[in-house]
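Hi,

Here is the structure I promised to pass on. My notes follow below it.

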Amino acid sequence: MKVYQTNEIRNIALIGNSGSGKTTLAEAILLEGGVINRRGEVTAKNTVSDYQPIEQDYGNSVFSTVLHTEYNDKKINLIDTPGMDDFRGSVVSALHVVGSALIVINTPHGIESGTESAYRITEDAHKPAIFLFNHLDHENANYDQTLEQAKTLYGNKVTPIQYPVNAGPGFNTIIDVLKMKQYKYPIDGGKPEITDIPDSEKEKADALHNELVEMAAENDEGLMELYFDKGTLSEDEMRQGIKLGMIERSLFPVFCSGAKHDIGVSRLMEFITNITPSPAEAVEIPELNGKHPKVDPSAPTSLFVFKTTIEQHVGEITFFKVMSGTVKEGQDLTNSNSGNKERISQIYVNAGKNRTKVSEMIAGDIGSTVKLKETKVNHTLSEKEAAYNFKPIEFPTSRHTIALYAINEADEEKVGEMFQKLHDEDPTYLVEYSKELKQMLVHCQGEYHLNALKWFYSNIFKIDIDFKAPKIPYRETITKSAQADYRHKKQSGGAGQFGEVHLVIEPYTEGSEPRTTFKMNDKDQKMSVRDTQEVKLPWGGKLIYHNCIVGGAIDTRFLPAILKGIMEKMEEGPLTGSYARDIRVYVYDGKMHPVDSNEISFKLAGRNAFSRAFKEAGPKILEPIYNLEVVVPSERMGDVMSDLQGRRALIMGMGSEKGYEKIEAKVPLKEMFKYITTLSSLTQGRGRFSIAFDGYEKVPQEVQEELLHSYEAELVED
């Protein structure tokens, strides 16, 4: 393969709803470019994309696939992405490195939830987008209705370049209003017959052509002046205006296809090579250190890693974009994230699992390499003198959390090791071991994402796993003051153990001052604070520990042991074993023995005195509350509101956002389990939400009773 220069490269992501035909379109594009000589089919499990076993099992894309083809003396790098929203991390990473997006629409179904999600991701990334109305050969294909939907959602920026003459079974004819030509394809696809537009379509084509000319002219003052002077623009001038409009996202071209029969594909590829921005013209990834490397083959070499995968017999494959300079086989580069050196031993261009070896790649190109030691997704490799570090991909935050465990306890360590491999391939899989909850928690995007995880453990790693609902990180606190004392005494031959502690506890609020008098046994007990320790708790809140000992009742050397005993009980609250917080403790009296008193004695005395006082101090369980923002179609508002009320949500506000209704609420974490599944069901996949931790609040009394009974039952079982 020839070495393509930056201006000869186009990088495109294929995105859209599952079932829109992205993988089939990729086959047609590769066939047109001569990369393959026979088109595969998803049902036959022989496509260049979707080559991984899980994808062939599911019949859907699970990972993005990097592809390439050659057309019109240009190289087109394609990234075919999954259409299911649970795998949108692959869409986000693909859009980070490409210059444009091709949003494939299943025309019989119109604008689906996955189409809307794909569009929003292009909006966030500020990437040019083309709409491709696919499946126009289907009996239910309705081009005009789908176009009207798109314009309603995204405005008149959605601009037809093409429209179908005979959508439905037998579809084979397209009018192109940029070329002002008719394209008629053989019934089974292939090279089109290009003719003048027939009289029956001339009026419609002229009107759409004039609209396109106006849209193109609006993107440049010089073009606008030409348009006013001549009343029209040449094809080259229109190309210039369309490209500027695409880059500014003020114009979204619409194309037509029946990708299964290769109808409309060659013209689409011509448009991509002629008009979509090259890497030098596209919005590039910013450099974190304030440098602005040029997409220039003569600049210092730098690569950005956007994807890794593991293949049997090959190992880890690292996919990169050449951000600047020229990368050559055998070149040594420095990982800007770790400082380690990496050798680029081999360079490949990709077509799914097929790789073609090349000796070098120019700035703007996309390729892969193998056998890197410590380079992962979001890492930058560059020549030492450049020391670039490019902005990382911001992957979607998790929307679903569940506890993962190995059915065979002997496999627990393996489960963690294998998860790291999955995370490297799909960084939207996150795992943590919660010491507090004693659970391994998996954070992911939803049920489909979780099912894919289980598939890998069962079919690739051969480890039996299962899932449980995650425990909730409750907190315990108190609502009033209470006094308690405890004597620890133990004698078993030789030296014994003795320690006695008297203390008072009360709720702590930020900025409050210690009290000097307490009512105990109907008498006022004065407290004189001699020393204070403020403990900021790792799980939130504080413990304020006051030494109020007078007359040497307890030696000061035993006070740290008392605090240690109290902290042990703070880590395992007396009510449900949850962390305790926001408590002030006054140790004011006690007794010791000249021989038998030691640190362990006072630790146990302090622990038990604290536990006794806690239970008498109006103990309450606190639950984590999250700020929830839900965006839903207007017609589903009532269903979503009813569901939220059943989740103990407190509605904080409502508003409208681009044809959708937005609900802001506070909701307990306990009630959010599997919310992504429920919301998807209520809104046919069109609803979306985000949550962020807000704070802790007291649980209702009935919930507290339920939690106490559950904890007691657990203790009995143990």
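How many bridges pair strand S9 with S10, and in which sense? Residues 181-184 make up S9, and the pairing with S10 is antiparallel over three bridges. (Strands are DSSP E runs of at least two residues and helices are H or I runs of at least four, numbered from the N terminus; two strands pair if DSSP finds at least two bridges between them.) One bridge joins Lys184 to Glu193 in S10.

Before more detail: this is a predicted model, where local features need pLDDT of at least 70 and side-chain atom pairs pLDDT 80 or more, while totals for chains, interfaces and linings use all residues. Residues are numbered from 1 along each chain as its sequence is written, and side-chain values use heavy atoms, without hydrogens and water.

S9 and S10 belong to an open antiparallel sheet of four strands, ordered S7-S8-S9-S10. S7 (162-164) and S10 (193-195) are at the edges with a single partner strand each, so one side of each has no neighbour in the sheet.

Now the cavities (sets of points on a 1 Å grid over the protein atoms alone where a 1.4 Å probe fits but cannot get out; lining residues have an atom within 4 Å of a point). The whole structure has five of 30 Å³ or more, volume being the space filled by probe spheres set on the points, which are joined across faces, edges and corners. The largest holds about 100 Å³. Its lining has 13 residues, with Ser90, Ser93, Glu425, Asp426 and Pro427 nearest the centre. Helix H3 (88-97) and strand S12 (302-311) each give two or more residues to that lining.

Best wishes

Note on methods
On a 1 Å grid over the protein atoms alone, a cavity is a set of points where a 1.4 Å probe fits but cannot get out, and a pocket is an open set with protein on both sides within 12 Å along at least five of seven lines; lining residues have an atom within 4 Å of a point.
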